[in-house]
2 protein chains.
Amino acid sequence: MLESKQTATLPSGFQTSGTTCGIKASGKPDLALFVSDTPAVSAGVFTTNRVVGAPVTICKERVPASSIRAVIINSGNANACTGNQGLDDARAMTARVAEALGCNAEDILVCSTGIIGVNLPMDVITAGIPKAVDALAPSDDAFKAAATAMMTTDTFAKQFTASVGMSSGAVKIAGVAKGAAMIAPNMATMLSVIMTDAALTAEQCDDLLKHCVERTFNSISVDGHMSTSDTVLLLANGAADAAPADDNDFQTLRDGLQQVCEELATSIIRDAEGADHFITIDVEGFETRDAAFKVAKEIAESALVKTAITGNDPNWGRITSAAGYAGIDFDTVHLSLTINNTVVFKDGAPANFDEAELSAQMKSERDVYLRLVLSGGPASGKESVCFWTSDLTQEYVRLNSDYTT
Amino acid sequence: MLESKQTATLPSGFQTSGTTCGIKASGKPDLALFVSDTPAVSAGVFTTNRVVGAPVTICKERVPASSIRAVIINSGNANACTGNQGLDDARAMTARVAEALGCNAEDILVCSTGIIGVNLPMDVITAGIPKAVDALAPSDDAFKAAATAMMTTDTFAKQFTASVGMSSGAVKIAGVAKGAAMIAPNMATMLSVIMTDAALTAEQCDDLLKHCVERTFNSISVDGHMSTSDTVLLLANGAADAAPADDNDFQTLRDGLQQVCEELATSIIRDAEGADHFITIDVEGFETRDAAFKVAKEIAESALVKTAITGNDPNWGRITSAAGYAGIDFDTVHLSLTINNTVVFKDGAPANFDEAELSAQMKSERDVYLRLVLSGGPASGKESVCFWTSDLTQEYVRLNSDYTT
């Protein structure tokens, strides 16, 4: 049983706040705090970039864990490429939150997003943390405030809640994310915090998060540029007093978490700055999930595929040729492609279709759906993936090349 | 001893022509023919895309070889994604040339570039081939005509000749290329034909070409989208009666070939449609050439790096973070970066530099030079690569999304 809603409500035993400490010149909220009333089991998935922000290093040291109390997030400064000072500052942020909450610094996680290569203004952050703790509340408004304070160039706050009915009882899963609006002078960072009142072991927490992130947050791309700070954290505090009793329960819980992750991940793509189209790519019929994923990713990240879609051009040659250089040894005669459910390429040969009609449909709708199916020969099988991306517009280039000195 | 010049002259024993058979609606030249008076040793390097044009399949069957007489190239139609009819048509083109030259069809190579998914207009091609043979000449004008007839959206013909002095005598190496101006409704194709009057074995020919293509044609990228038809062919007819006598000679010849390849490959990037900057990326100090290559390629293909350079923004964070996701396990504290010889990142930390001055310099010059050096730790060593790319402009997007139905 799974129920979900856009109006986001916190699970039991969590409080949040979103406040302004003064990092951003704009004066907008820049400090988000997520607190569990009791120690929570926690797991994290992080950027695989070799160049990482200091908070990523700190979080990786601390999760998986069973005694996490809070996540502190600042926006406006990524604390990345800041050397040892950056690590000291990230640790100091967690110590300050721990002091206010009365726990150990090691029980606090930290994320930062914003400009890179600049040290954090620790004076305003240190002064701001007690105010963030004072503002904590278990309300919908406080949850929205926290989602808002994480934002950099996002145009809307990203929140989602699902209610899951297990045989042992009902639990909530609620998440926030900030995303990949690529207009800042640095690369954008994807951050997400997901909270649940389900009772989980640290191992279950880690397994659930990895499974769901692979299929959601790691299956989106705006432009293929991997951030130094991408972080997704899951906190499970057990306040609903319901643990998965069997495989069915675990599966139900995982479906709920995956739905929350998918809603948050796709909302990042929907908010991609300068994008005209939201593109869903299904790749089906491959021997391994990894092969299907590589094909989907090459299609999603091809500038020629993206610009064709920007131009409402059902240019299947760009799509099939991108699939062809993914390094997977398939045979073209087994490949078929539909665009918005119109067959454009069938068993390795061009299909007859009304190009003008399909183009007009692409123009009238923001969503575009590509489905590539391999139906035999080498590399074929039963695995499929779904991947989401945006198109590439002149506005994207304008935003990302806009630099004034 | 190596001498080279932009005014392109054919090596001994080669004739070329560039004619109009009527494939292109514009009426521009569309048939290029390269003929060796005697059977030539030949090798080829081809796209690794799984989706390939019919001519690629035919050429792969025929090289390396020792009896190649000619290369026939049409522009205006890529003969790709055209099924068995496409293979028949490509074979028929070679048969028609063989008939006119009085040799076997298997001794003729073929390339096609232009729109994909449409069958070749074989009537006009069949009628055009005898005229192309009639127009053959060993002159500079005929060489220029051949280079011109290969063009699709190129704005200039790409030719280069080098003279190489071996201990056994002097030889010439002359090449043409057509390139990656990405404005067609299909992806652009890179084609190159290189001729030398040196005497080589088929194995030497193959080794030389692979070595040089890896460092030149395979080290350029406009947007990372691999074509279905990329082909580089080398023909060596021995007309200069000079074979490499020792390792020194072989090295000298290889240097000459690499220079020709580099001039042709970089001229493709210089002709990239919509580009404002020509970017050279040196990556140095890695344990393997492959690792350095992966790092250089990620930097070259990052939309955020490209758009930063479009904006004349010395945004080193985008460059170092692109290096970080190349999958190479280096340590950031050993990484340094210069932009136009200004140190912007040193041993893992931001360097002090005059950002406004560097930006002004980037704005005033078309060429941008990035140098990333790893100087210790894991993955470090003595290997380096050079990679060339262009920036990403609004004009690129406009050209590639311009579709009218």
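This report walks through a predicted model of two chains, A and B, from their pairing down to a few backbone details.

## How the two chains sit together

Start with the pair as a whole. Two copies of a chain are related by a rotation about an axis and a shift along it. Here, a turn of 180 degrees with a shift of 0.0 Å along the axis lays chain A on chain B, and the RMSD is 0.0 Å. The two copies are therefore related as by a two-fold rotation axis. If you want to find that axis from chain A, look for A:Gln394: of the residues of chain A, its C-alpha comes closest to the axis, at 2.3 Å.

The contact between the chains draws 57 residues from chain A and 57 residues from chain B. Because 100% of the interface residues of chain A are also interface residues in chain B, the copies meet through the same surface. About 4,400 Å² is buried between chain A and chain B, with carbon and sulfur atoms giving 59% of that area.

What about charged pairs? Side chains of opposite charge can pair when their charged atoms come close. Across the interface of chain A and chain B there are 2 salt bridges. A:Arg50 forms a salt bridge with B:Asp329, and the closest N and O atoms of this pair are 2.7 Å apart.

## Two domains in chain A

The domain assignment splits chain A into domain 1 (2–270) and domain 2 (278–400). Their contact takes 17 residues from domain 1 of chain A and 15 residues from domain 2 of chain A. Between their C-alpha centres there are 32 Å. Together the two domains of chain A bury about 1,500 Å², and 50% of it is on carbon and sulfur atoms.

How many salt bridges are counted between domain 1 of chain A and domain 2 of chain A? The count is 2. You can pick out a salt bridge between A:Glu214 and A:Arg289, with 2.9 Å between the closest N and O atoms. A:Glu214 lies in helix H5 (residues 202–215) of chain A and A:Arg289 in helix H7 (residues 289–301) of chain A, so this pair ties together parts that are 75 residues apart in sequence. Over all chains, a search of the whole structure finds 26 salt bridges.

## The seven-stranded sheet

Chain A has an open sheet of 7 strands, ordered S9-S16-S11-S15-S12-S13-S14, with mixed pairing. At its edges are strand S9 (220–221) and strand S14 (349–350) of chain A, each pairing on one side only. Strands of a sheet pair through backbone hydrogen bonds, either parallel or antiparallel.

Follow the order in from the S9 edge. S9(A) pairs in the parallel sense with strand S16 (residues 383–390) of chain A over 2 bridges, and A:Ser221 has A:Thr389 in S16(A) as its bridge partner. S16(A) then runs antiparallel to S11(A), joined by 7 bridges; one of the partnerships here is A:Phe278 with A:Ser390. On to the next pair: strand S11 (residues 278–286) and strand S15 (residues 367–374) of chain A are parallel, over 7 bridges, and A:Ile281 stands opposite A:Leu370 in S15(A). Helix H9 (residues 316–324) of chain A packs on the sheet, touching strand S12 (335–339), strand S13 (342–346), S14 and S15 of chain A. The direction of helix H9 makes about 135 degrees with that of S12(A).

Chain B has an open sheet of 7 strands too, in the order S9-S16-S11-S15-S12-S13-S14 and with mixed pairing. For a look at the S14 end, use chain B: strand S13 (residues 342–346) runs antiparallel to S14(B), with 2 bridges joining them. B:Phe345 has B:Pro350 in S14(B) as its bridge partner. Helix H9 (residues 316–324) of chain B lies across S12, S13, S14 and S15 of chain B, at about 135 degrees to S12(B).

## Backbone spots worth a look

Most residues other than glycine have a negative phi, and most peptide bonds are trans. The peptide bond from A:Val63 to A:Pro64 is cis, with omega near 0 degrees. A:Pro64 sits in the loop between helix H1 (54–62) and strand S4 (65–77) of chain A. In chain B, the peptide bond from B:Val63 to B:Pro64 is cis, with omega near -5 degrees.

Then there's A:Asn341, in the loop between S12 and S13 of chain A. Its phi is near 70 degrees, a positive value in a residue other than glycine.

Terms used
Residues are numbered from 1 along each chain as its sequence is written. Chains are lettered from A and ligands numbered from 1 in the order in which they are written. This is a predicted model: local features need pLDDT of at least 70, side-chain atom pairs count only at pLDDT 80 or more; totals for chains, interfaces and linings use all residues. Side-chain values use heavy atoms; hydrogens and water are left out. Two strands pair if DSSP finds at least two bridges between them. Helices (H or I, at least four residues) and strands (E, at least two) are DSSP runs, numbered from the N terminus. Contact means heavy atoms within 4.5 Å. Axes are lines fitted to C-alpha atoms, for helices over the stretch in contact, and angles run from 0 to 180 degrees between N-to-C directions. Copies are superposed by least squares on the C-alpha atoms of residues with pLDDT of at least 70 in both. Domain bounds come from an automatic or database domain assignment. Buried area is the accessible area (1.4 Å probe) that two parts lose on being put together, summed over both. A salt bridge is a side-chain nitrogen of Lys or Arg within 4 Å of a carboxyl oxygen of Asp or Glu.
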